Amino acid sequence: SKIYRRPLGEALANGRQWPAVPGKLPFLGNALQIGGLSRLFDQIQNWAEDYGQQDGIFEFSLMGTTFVVACRQDRLLELMKFRPLALVRSNKAKSVALSIGAKGVFAAEGHEWKSDRRLVAPALNRKHVREYFNNMKLVAKRLVKKWSNIMESSSNGTVAINHDLYSASIDTLSLTVYGKDANTLETLSDQTSKDVVAILDIATLRMFSPIAYWEIPFIGPYLDGGEFIKTRLFLALDDLITRHLNELDSSRSDSQGINAHQTTIHTKQTNYNNTFLGRILELSEQYNDSMPRERLIGQLLTLFLGGSDSVGTLLCTALWLVAVDPELQEELVNELLHESQLDLDKASMGDMLEKLPRMRSFLMEVIRCYGPTPLIFLGAAQDLHLKKVGASKNAIIPSGTEVILLSRVASLHRTAPPPEVPMGPKGEEVPPSEFCPRRWLVQGSSDQDGVDDTDGSVSAADTVRVELPSLKSGVHMSFGHGSRMCPGKDFAELEIMTGISYVLLEFEIALSEHENGDEASLHQIKLSLRKRR
């Protein structure tokens, strides 16, 4: 459908404190202007350009609900200061999350959130992510092996990557969360992983449904099959928790204790102590903060849903961007093979973060421009007082209002981008509204005096390093902001870097001859592979 646009003056003529998208119909609101759920984000982005540039805020109506949208970085940061008590997950988002059993830190608010985060965040801090690194390597090598076999048996070396990258993410999480080697990449037989994929699709369907049909007593949760899948997942995860507890009790009885530094991956005999679940149980005992079993299952399910979707999406996007830019691909491969002199199989997490500045700059730009959560759905738990909006010095978002944060649009805003976004390295200045994989690179080193400690021959002026914005800047809001920053952010970034690195070292990649390089093809990417070595 045609993009529906009317002059800003008409949108302001209704006397609101901020513009409202005109053309609202009874009950339907602006629904007919969207033209389908697949176009929802694109249409809201277009509305942001038409009605949100002046004050960074506007509203639209959909199926009887009014949504207030923040679309400029300063406005997003202003609103995020109301988190986590005055601005909370929207009623719709909370209802959907709870309906699929995701009763974890994502959907929690207030004191419940504080209690959950105290247990979940330490289990995903950098110290422990470092110990999960071997899981990421194992799965990445399996992915490369599978694609090598497909390439050898195919006449044109074409591989459809989306499903495999999603499976790889689920396999990494299976090893990390509860120590089970699902290996869906090679076997495609793990029911739990299939159920995770299915429940994600159902969550999306429910999120954008105009009617909360799943809340209909007795039959509602079964109408889309979600309750059946949720029950299977709960039973499977409950069994894993029981096995974990038995393993931990057995360890104590054998006076072995919990070895938090063991990183060996056991594919036949599971090592329960070196898992996300094992660490939550440890911390729960340490803090004497017993988490209800149902809530513990919800934490595991939340990590699976959020982690697999975010990593799978970003990996697909990153490989697509590399495939359409041969110069960038060669630059990243050169860094992996020559500049860093990195042996991926032996590399540590520190090596990945310190020796691959070009890769990190590229990944940060992917997250900024193609973040997996372009829309953040929230709700005002009390009146929110904003700074100047139009002629009003103290605009108010009333309690109960549905609020959407356009995190991706705010980072790319052409008229008022975040001041922390540089124009790119010297000689390659690119506006913040455009994708620039080298944006976060700077020449030289801030902590060296120009001499490499190894042989005294390398000048810092000849090196590059990555200089990322602070987390407080709000430049990358796909993983949240401030106290509500996703605790799995470091895990996701390292997993994506690992996957890209193994793929690029093994293959030269390009879009298949049937791909046109359009961003619309991101949902079903086919790559043409050729062995690099």
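**Surface and core of a predicted model**

Visitor: How much area does the chain expose, and what share of it do carbon and sulfur atoms supply?
Guide: Accessible areas come from the Shrake-Rupley method with a 1.4 Å probe; for residues, only the protein chains shown count as cover. The chain exposes about 23800 Å². Carbon and sulfur atoms supply 52% of it.

Visitor: What share of the 533 residues is buried?
Guide: This is a predicted model: local features need pLDDT of at least 70, side-chain atom pairs count only at pLDDT 80 or more, and totals for chains, interfaces and linings use all residues. Residues are numbered from 1 along each chain as its sequence is written, and side-chain values use heavy atoms, without hydrogens and water. Buried means under 20% relative accessible area (1.4 Å probe, protein chains only). By that cut-off, the buried share of the chain is 55%.

Visitor: How many residues does the largest nonpolar core have?
Guide: Such a core is a set of buried Ala, Val, Leu, Ile, Met, Phe, Trp, Tyr and Cys residues joined through side-chain atoms within 4.5 Å. Phe-58 and Trp-147 are among those with the most contacts inside the largest one. Its residue count is 132.

Visitor: Which helix gives this core its largest share?
Guide: Helices are DSSP runs of H or I, at least four residues, numbered from the N terminus. The largest share is 17 residues. They come from residues 293–323, helix α13.

Visitor: Which residue of Leu-319 and Phe-507's contact list is the shared partner?
Guide: Contact means heavy atoms within 4.5 Å. Neighbours within four places in sequence are left aside. Leu-319 and Phe-507 are both in contact with Trp-147.

Notes
Buried means under 20% relative accessible area, exposed over 50%, partly exposed in between (1.4 Å probe, protein chains only). Helices (H or I, at least four residues) and strands (E, at least two) are DSSP runs, numbered from the N terminus.
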